[in-house]
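Open the model in your viewer and keep the selection tool ready. Each stop below says what to select and what is there.

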Amino acid sequence: MDAPATLLVGLVSLLMIFALATAAQRLLGVRFGVIRTFLAGFLAFVLAEPLVSPILGSFGGTGVDDDPGIGPMWVLFLVVMCIVLIPMVILVIAEALVPPGSIPGPLEFLRSLRGRISRARRYSQITRIAVRHGLGPYLRGRGDRPEDRPGKVRLARSLREALDDGGVTFVKLGQVLSTRRDLLPPEFIDELGRLQDQVAPEPWERIEPVLAAELGGPVDQVFAAFDRTPLAAASIAQAYTARLHTGESVVVKVQRPGIGPTVARDLDIVRRLARTLETRTRWGRSLGTRDLAEGFAIAIREELDFRVEAVNMAAVAAGDGGAVTYPAPVTPLCTERVLVMQRLTGGPLAAASAEQGPRLARDLLDCLLRQILVEGVFHADPHPGNLMLLDDGTLGLLDFGSVGRLDASIRSALQRFLLAMNRQDPLGVTDALLDVVPRPEEIDEAALERALGRFMAKNLAPGMNGVQMFTDLFKIVSVHGLSVPPEVAAVFRALATLEGTLVRLSPGFDLIGEARSFAGRYLTERLDGGTLKEAATQELAALVPMLRRLPRRVERIASAAEHGRLGLNVRLLADDRDRRFVTGLLHQVLLTVLGATAGLMAVLLLGTDGGPQVSRVMDLSLFELIGYNLLVICAILVLRVLILIFRRPRDTS
């Protein structure tokens, strides 16, 4: 065969493949990817030849003068429709077994392959670090749990050293875990707490290019003076002291170079490890490692953009910090990887004396509760590394990379929740809690009220453990099927972190008693004459427009009732989404009924003997011809229903 003929045959074959693919897609009524549709058409084209050849061979004995009638032509049409059914069946099976998006495309596959190779290298590095520090068996869930204190101390030290060697993400993970006294024993808390002050600094040679690139010029031109010795080194950034040309002393926080891709890769690994631990180990399931890892990933991503921290710092500073001081950002010099802020002079929180501890703990608790309940913008990570003891004996709050925000409705519900807790009013606590969390469709409010009453009787006694209180409250929320919104979960997470900090400041600090005292003071402020007058004025201003329209509307209703014209108009399926759902469901039911009817009629006709012959060449009766047509129609309708069933979960998700 010469080249033009080969080219012509190839073009005709390609057109037939596209015709089969297009016909299959149109008959199914669903759009598919180009590659998937083309492959289905190609397979149908390949399988068509064995199907068509025997049927075409049956016409070989027909003479030139013989009139075959319309029967053979109709049989050929049925054969073509059967060929079209092949790509339809292939597409439906592929939809069920290999849904769109489950197999990446070529470019996505190459990118994911590079990611897998990079992740595999990091996995290998982390595994070597864990094995080097004796933690290998614990990754497989087979490590022994030491019962004596020396064994726990050795295991905690190994964990701290492994996290330190693991890099910035794992150091940050250790810092977060060091505040979770509700999850880890005291030996681990004490050991992991050292990560907050013992992070090795990056050399100046690696920091200077970051500063120059972010500030748009050499360091000596931007600042009047710059101390190249780090003031502090944290897991994500390190701080330096400097002086602006205006003479103001500032702290320059610089992100460690190259941590962005490293953190993204490590966060992916942390999530995968958490999922593995929760699946394969009992302690992983009991701790909920997957949720912990996801919350940690969200928090650390927020801390990587220092512009967000500058905005957060300004938002928190706009409120009343009381006895706690916030540094002010120097906004013109703040970039994605550099944060310049007012310098607060002082020392670490550990320098606080035993006499200062209770006062500082009360000031910190009062500050955070006021941020949450009054101002609506709060520091979401108040661990000891983010606090310092100022020279004047007060507290300074640092690192605003993780900040929570609450709207007025959530703040109001939390205020009612705290005030009802202070009164030990189960009914008020229940109502406030159901305003804080989304109300489920079915809930036993009486059982919830009794559970909260028992909760308050158990946890609001003097000297009770604040961590246990949060644990019991979350158990109640979980048992009654309530879901906590992310912003409210951030509040409880911040309070749990705060409890660890308060205990470090003042061992034996009565968190519950001080919180109830704050509720009493806040209630007194709300009952102040000026505050009540302002609240009443705002409520009246909001009600005036409605009150103006109320008499006219009442008069219309009364007039309609007097003349017998009062009616109630209820429109079913008013939402367009409801109409589309019902229409689609009826469409699917109709196709199912028609397909089943066509299939049943086809079986009956094919099983019926006799009937007029439609062709002298082929032994085919009219009943059989109609039966085969109905079988094809049945197959098309059934495949159309199946494709709707297989695709519906993705369309509604």
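**Stop 1: a salt bridge between two helices**

Select D165, which is partly exposed because its relative accessible area is 39%, between the 20% and 50% cut-offs. Keep in mind that this is a predicted model.

What does D165 form a salt bridge with? The partner is R132, and the closest N and O atoms are 3.6 Å apart. This pair links distant parts of the chain. R132 sits in helix α4 (residues 106–132), while D165 belongs to helix α6 (residues 149–166). The two are 33 residues apart. Now select R132 alone: it is exposed, with a relative accessible area of 55%.

**Stop 2: further salt bridges**

How many salt bridges does the structure hold? There are 15. Among them is the pair of D266 and R265. Select both and look for the closest N and O atoms, 4.0 Å apart. D266 is buried, with a relative accessible area of 0%. R265 is partly exposed, at 28%.

Next, select E202, R206 and R256. A network of salt bridges links these three residues.

**Stop 3: around Q424**

Move to R423 and D425. Their side chains meet in a salt bridge, 3.5 Å from N to O. R423 is exposed, with a relative accessible area of 53%. D425 is partly exposed, with 26%.

Now select Q424. Where does Q424 lie? Its place is the loop between α16 (408–423) and α17 (426–436). Q424 is not a glycine, yet its phi is positive, at about 55°. Its relative accessibility of 39% makes Q424 partly exposed.

Carry on into helix α17 and select L433, which is found there. Is L433 buried or exposed? L433 counts as buried, at 5% relative accessibility. Add V477 to the selection. Along the chain, L433 and V477 are 44 residues apart. Their C-alpha atoms are separated by 9.2 Å.

**Stop 4: a pair of strands**

Select strand β6 (residues 338–342). Why is β6 largely enclosed by the rest of the structure? Because 4 of its 5 residues are buried.

Add strand β4 (residues 249–255). The two strands run antiparallel, and 5 bridges join them. To see one point along the pairing, select V254 in the viewer together with V338. V254 stands opposite V338, which is in β6.

**Stop 5: an open sheet**

Now show the strands β5, β10, β9 and β7. They make an open sheet of 4 strands, in the order β5-β10-β9-β7, with mixed pairing. Which strands are at the edges? They are β5 (324–325) and β7 (346–348), each of which pairs on one side only.

Look at β7 beside strand β9 (residues 387–390). They pair in the antiparallel sense over 3 bridges. Select G346 here: L390, in β9, stands opposite.

Then go to D399. This residue lies in the loop between β10 (395–397) and β11 (403–405). D399 has a phi near 60°, a positive value in a residue other than glycine. With 17% relative accessibility, D399 counts as buried. Under 20% is the cut-off for buried.

**Stop 6: patches on the surface**

End at helix α22 (residues 529–562). Select R552, which is found in this helix. R552 counts as partly exposed, at 45% relative accessibility. Add R549, R553 and R556. Together with R552, they gather in a patch of positive charge on the surface.

Now select L550, also in helix α22. L550 counts as partly exposed, at 45% relative accessibility. Which residues make the nonpolar surface patch with L550? Add L540, L543, M546, L547 and V554 to the selection. With L550, these residues make a nonpolar patch of about 540 Å².

Color the positive patch and the nonpolar patch separately before you leave this stop.

Terms used. Residues numbered from 1 in each chain as written. Predicted model: local features only at pLDDT ≥ 70, side-chain atom pairs only at ≥ 80, totals over all residues. Heavy atoms only, no water. Buried < 20%, exposed > 50% of the residue type's maximum accessible area, 1.4 Å probe, protein only. Pairing = 2+ DSSP bridges. Patch = residues over 30% accessible without salt bridge, like charges linked within 9 Å, V, L, I, M, F, W, Y side chains within 5 Å. Areas by Shrake-Rupley, 256 points an atom, 1.4 Å probe, with all protein chains shown as cover. Lys, Arg positive; Asp, Glu negative; His and termini not counted. Charge placed at Lys NZ, Arg CZ, Asp CG, Glu CD.
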